[in-house]
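Please work through the exercises below with the sequence and the model at hand. Each task is followed by a stepwise solution.

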Amino acid sequence: MSISAQLPRRCWVEIDLAALERNLKLIRATLPPRIKFVAVVKADAYGHGLPQVAARLMHAGADLFAVANIAEAMTIRELSTDWPVLLLSPVLPDEDRYLADYDLAATVSSAEEIRRFDAVGRAAGQPITVHLKIDTGMGRLGVWHTGARALYDAIRAAPGLRLAGVFTHFSSADEDPAFTAEQRQIFLRALEGMDPTGLLIHADNSAGLETTPGDGVFNAVRVGLLQFGILPHPHSMLARVHAEPVFSFHTRVGLVKELPAGTSVSYGRTSQLKRDSRVAVLTAGYGDGIARSSSGRAQVLINGRRCPALGRVTMDQTIVDITDVPGEVRCGDSVVLVGRQGGVEISIQEFSNWADTIAWETLCSVTKRVPRHYRNASGV
Ligand SMILES: Cc1ncc(COP(=O)(O)O)c(C=O)c1O
């Protein structure tokens, strides 16, 4: 173990791998058994740690992994060569050869990609696996749906390619069910005339699961957020899945002190104390992942009590009001930024709202200096 891994904790993330495994099983239990589970583990598994998360999801029975880039795909390949890996982001021309070297599936959106990947497959004497992506209203990757059939035919005719799936991506599944239904219909129409035999047909991200039809042509889902126990929006009917948060975020009290009424707190003097106050200086700031934009709004849990942050969040420290916290607060005490303490919870949605952002971004914003500690790692 490295010395830094043995140091006392100042600001850290806890990842509950047993909860991750339970979540996958709970989500699966809501889906027909024929539906394959594509675990979306890009961006270091949404900040949870790719090797640890992928290893546990392999154990829990994920069918396929979706990542953004070759480096992430290689991390999965270091764990196992058995699982299919789909690259969700575009492959750059100087990355093409890795598709063959590491047996990775590429997303195809254009005739140019078909030509490039076909050439790699032919040169390798082994077809490159591809999923054809159809743009049904996201306006990002994928061929615009009216041109999907031509690319499908081109892939089928390319000896250096093996078509393994056809998919689309919803732009607003968490906020606009009507537009999601429209995208689903456009996708189904684009599939007409394609032979789906042996193909993975997928569209649903976490929020898509709210409206996914249990029957029909879809036979895979691509789930990111929900597998980490986070709902795509606060009123989501996916609460019925009972997935639990895998991630919690913690820090400690670095200093306790009394300040008189009228004192201004932190940079820029944006906050003045209205009363004589007891404050705690926490050992975490925006250098760890407490967004500066949450200044004046953020709260933390100390002794099971919500404590408001005072003034601006700074790089390494955040100041909170502990005047109303019962019992003593001492240097070194644990503080919850996201998670539960004494029956009170700060959810990741709440933490994200304070920073005017979304849970996905919060998870990707916990910085490199924050160690991830894995609970229940021995279940594998
Ligand atoms: C193409 C694609 N599919 C699936 C997902 C998973 O989405 P979610 O985290 O909402 O489940 C993402 C995430 O951004 C994505 O980009």
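The exercises treat internal cavities, an annotated domain and a pair of helices in this predicted model.

**Exercise 1. Determine how many cavities of 30 Å³ or more the structure holds, and describe the lining of the largest cavity.**

Solution.
1. Searching the whole structure yields two cavities of 30 Å³ or more.
2. The largest cavity encloses about 50 Å³ of space.
3. Its lining consists of Ile 290, Ala 298, Gln 299, Val 300, Ala 309, Val 313, Thr 318, Leu 337, Phe 351 and Trp 354.
4. Sorted by character, the lining residues of the largest cavity comprise eight nonpolar, two polar and no charged.
5. At least two lining residues come from each of β15 (299–302) and α10 (348–354).

**Exercise 2. State which residues UniProt assigns to the feature "domain: Alanine racemase C-terminal", and give the helix and strand content of that stretch.**

Solution.
1. The UniProt record, an unreviewed entry, places this feature at residues 246–375.
2. Over residues 246–375, helix accounts for 11% of the chain and strand for 38%.
3. The C-alpha atoms at the two ends of residues 246–375 lie 9 Å apart.

**Exercise 3. Classify the packing of helix α4 against helix α5 from the angle and the distance between their axes.**

Solution.
1. Helix α4 spans residues 50–60 and helix α5 spans residues 70–79.
2. The two helices pack at an angle of about 50 degrees, and their axes are 10 Å apart.
3. Because of this angle, α4 counts as oblique to α5.
4. The crossing of α4 past α5 is right-handed.

Terms used: Residues numbered from 1 in each chain as written. Predicted model: local features only at pLDDT ≥ 70, side-chain atom pairs only at ≥ 80, totals over all residues. Heavy atoms only, no water. 1 Å grid on protein atoms, 1.4 Å probe; cavity = no way out; pocket = protein on both sides within 12 Å on 5 of 7 lines; lining within 4 Å. Points joined across faces, edges and corners; volume = space filled by probe spheres on them. Helix = DSSP H or I, 4+ residues; strand = E, 2+ residues; numbered from the N terminus. Nonpolar A, V, L, I, M, F, W, Y, C, P; charged D, E, K, R; others polar. UniProt positions renumbered as here; feature names shortened; annotations may be inferred. Axes fitted to C-alpha atoms, helices over the stretch in contact; angles between N-to-C directions. Parallel < 35°, antiparallel > 145°, perpendicular 65-115°, else oblique. Left-handed = near helix turned anticlockwise from the far one by under 90°.
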